[in-house]
Amino acid sequence: MDTPNNHNILVDVSTRFLQSESDPVQGRYVFAYTITLRNDGRIAAKLLKRHWVITDANGKVQEVHGDGVIGEYPYLQPGESYEYTSGTIIETPVGSMEGSYLMEADDGQSFDAPIAPFRLAVPGVVN
């Protein structure tokens, strides 16, 4: 089993509601999210794939699998960070996202970098 010191990608998330692109009457709530990845491990690693689980307040689940992020495959040396912004659409004013990135380290090991659950919420809807 690999040690956390060698393979450790930290994932930080910030979200914002895009009111101008949303249409609550039609059940369309658009959110942007900015992800910051930081390699806190000892070995460089490349992001190969992403997996998202997006759940709205009605319990509707969307799963997204894909290669890279926004058309890129970030390669992070120890101590380096990478940031990108993307978006998602749900049918309710509140929801959540979580998932993981499949990484491949320079030592040939593949490992998952988990993305802890985070909330998508229209401001003022949730205290």
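The paragraphs below go through a sheet and some aromatic contacts of this structure, which is a predicted model.

A convenient place to begin is an open sheet of three strands, arranged in the order β1-β2-β6 with antiparallel pairing. Its edges are formed by β1, covering residues 9-17, and β6, covering residues 81-90, each of which pairs on one side only. On average, and with direction ignored, neighbouring strands of this sheet are turned by 20° against each other. Within the sheet, β1 and β2 (residues 29-39) are joined in the antiparallel sense over nine bridges, and the register can be followed at Asp12, which stands opposite Thr36 in β2.

The aromatic side chains add another kind of contact, since the structure holds seven aromatic pairs. One of them joins Phe17 and Tyr29 in a tilted arrangement, with 6.4 Å centre to centre and 35° between the planes. Because Phe17 lies in strand β1 and Tyr29 in strand β2, this pair ties together parts that are twelve residues apart in sequence. Phe17 counts as buried because its relative accessible area is 18%, under the cut-off of 20%, and Tyr29 is likewise buried, at 11%.

A further pair, formed by Trp52 and Phe118, is edge-to-face, with 6.0 Å centre to centre and 85° between the planes. Trp52 belongs to strand β3 (residues 45-56) and Phe118 to strand β8 (residues 110-121), so that the contact ties together parts 66 residues apart in sequence. Both Trp52 and Phe118 are buried, and together with Tyr33 and Tyr101 they form one aromatic cluster.

Terms used
Residues numbered from 1 in each chain as written. Predicted model: local features only at pLDDT ≥ 70, side-chain atom pairs only at ≥ 80, totals over all residues. Heavy atoms only, no water. Pairing = 2+ DSSP bridges. Helix = DSSP H or I, 4+ residues; strand = E, 2+ residues; numbered from the N terminus. Axes fitted to C-alpha atoms, helices over the stretch in contact; angles between N-to-C directions. Phe/Tyr/Trp six-rings, centres within 6.5 Å; stacked < 30°, edge-to-face > 60°. Buried < 20%, exposed > 50% of the residue type's maximum accessible area, 1.4 Å probe, protein only.
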